[in-house]
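Hi everyone, and thanks for making the time. I'd like to walk you through one model today, so please have a look at it before I start.

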Amino acid sequence: MYTASTRVPQQERSRATQTRLLEATVDCLVEYGWSGTTTTVVAARAGVSRGAQLHHYPTKAALVTAAVAHLADRRAAELRTEAEALPAGPQRLDRVVDLLGVAFTGPLFVAALELWVAARTDAELRAALVPLEARVGREMHRLTVALLDVDERRPGVREAVQATLDLLRGLGVANLLSDDSARRTALLHTWKRQLATLLTPHAGPPERAAPAAGRARARQEVTRPS
């Protein structure tokens, strides 16, 4: 028999149940896709009762969007932790892009992509997903700026960061049906060099040299007797 000191608080049990449901949902989306991820399948995989699942997430749309939000928050925290070990200097940019690339090939990306496709024709899911995707997109952008340690107030920096995320998203889609790692590596190698140029502050364009004819005339003016 549990005593008051050993009984697990109801709130902690509730959080544990939610976590199991959310992680089982992502697993099901990756393994079975949107159509195969039913609330009954998720509850069974999480090891919770159907009633408990309905108590926390009464609809499938509520369940899957909460699962993606949960995994996105966890992955962002992991990226921040991993970034603490990154070196300073020129190598940092390469490593940051590689870290972000993993985020666009892992379970979170696959699960999110299942929802994007399904939301095209599912009004309830779309209504729940659009604000979530906007929030996740903003947070990923801010995280990337922080990891790269760049100043977004400089012209072109915001666009360069967003172009990086868009490129990684596109490469993630290309990698879904077949192993696209060789082409991906080559493209990212080229983009890293371009990105380094775009993000490096410049003092400004050098002064344009005077044309040869102009320089000759200037010398004549200097040497002409008054």
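Fifteen residues line the second largest pocket, and those nearest its centre are G89, L93, L148, L199 and T200. Before I go on, please keep in mind that this is a predicted model. The volume of this second largest pocket is about 280 Å³. Which elements give two or more residues to its lining? They are α5, covering 90–103, and α9, covering 181–199. Of the elements, α5 gives the most, with four residues. If we sort the lining of the second largest pocket by class, we get seven nonpolar, two polar and six charged residues.

Now for the largest pocket. Its volume is about 490 Å³. Here the lining is made of 28 residues, and F104, V136, G137, M140 and R169 are the ones nearest the centre. Four helices each supply at least two residues of this lining: α4 (60–83), α6 (107–119), α7 (123–148) and α8 (157–174). Which of them has the largest share? That is α7, with nine residues. By class, the lining of the largest pocket holds 14 nonpolar residues, three polar ones and 11 charged ones.

Let me step back to the whole chain for a moment. How many helices and strands does the protein chain have? The count is 10 helices and zero strands, so if you read the elements from the N terminus on, you simply go α-α-α-α-α-α-α-α-α-α. The protein chain has 226 residues, and buried ones make up 35% of them. Looking at contacts with a separation of 6 or more, 62% of them are between residues 24 or more positions apart.

Next, the aromatic rings. We met F104 just now, as one of the residues nearest the centre of the largest pocket. The structure holds two aromatic pairs. In one of them, the rings of F104 and F109 have centres 5.8 Å apart and planes at 65°, and because over 60 degrees counts as edge-to-face, that is what we call this pair. Both F104 and F109 are buried. The other pair joins F109 to W116: the ring centres are 5.9 Å apart and the planes stand at 85°, so this pair is edge-to-face as well. Put the two pairs together, and F104, F109 and W116 are linked into a cluster.

Are the members of that cluster buried or exposed? F109 has a relative accessible area of 4%, so it is buried. W116 has 27% relative accessibility and therefore counts as partly exposed.

There is one more ring I'd like to show you, and that is W34. Which residue lies over its face? It is K60, at 3.7 Å from the ring centre.

Last stop: R75, which you will find in helix α4. Is R75 buried or exposed? Its relative accessible area is 14%, so R75 is buried. And which residues does R75 touch, leaving out those up to four places away in sequence? The list is E82, L99, V102, A103 and L108.

To pull the threads together: we have a chain of 10 helices, a largest pocket of about 490 Å³, a second largest one of about 280 Å³, and a ring cluster made of F104, F109 and W116. Thanks for listening, and I'm happy to go back to any part of it.

Notes. Residues numbered from 1 in each chain as written. Predicted model: local features only at pLDDT ≥ 70, side-chain atom pairs only at ≥ 80, totals over all residues. Heavy atoms only, no water. Phe/Tyr/Trp six-rings, centres within 6.5 Å; stacked < 30°, edge-to-face > 60°. Buried < 20%, exposed > 50% of the residue type's maximum accessible area, 1.4 Å probe, protein only. Lys NZ or Arg CZ within 6 Å of the ring centre and 35° of its normal. 1 Å grid on protein atoms, 1.4 Å probe; cavity = no way out; pocket = protein on both sides within 12 Å on 5 of 7 lines; lining within 4 Å. Points joined across faces, edges and corners; volume = space filled by probe spheres on them. Nonpolar A, V, L, I, M, F, W, Y, C, P; charged D, E, K, R; others polar. Contact = heavy atoms within 4.5 Å.
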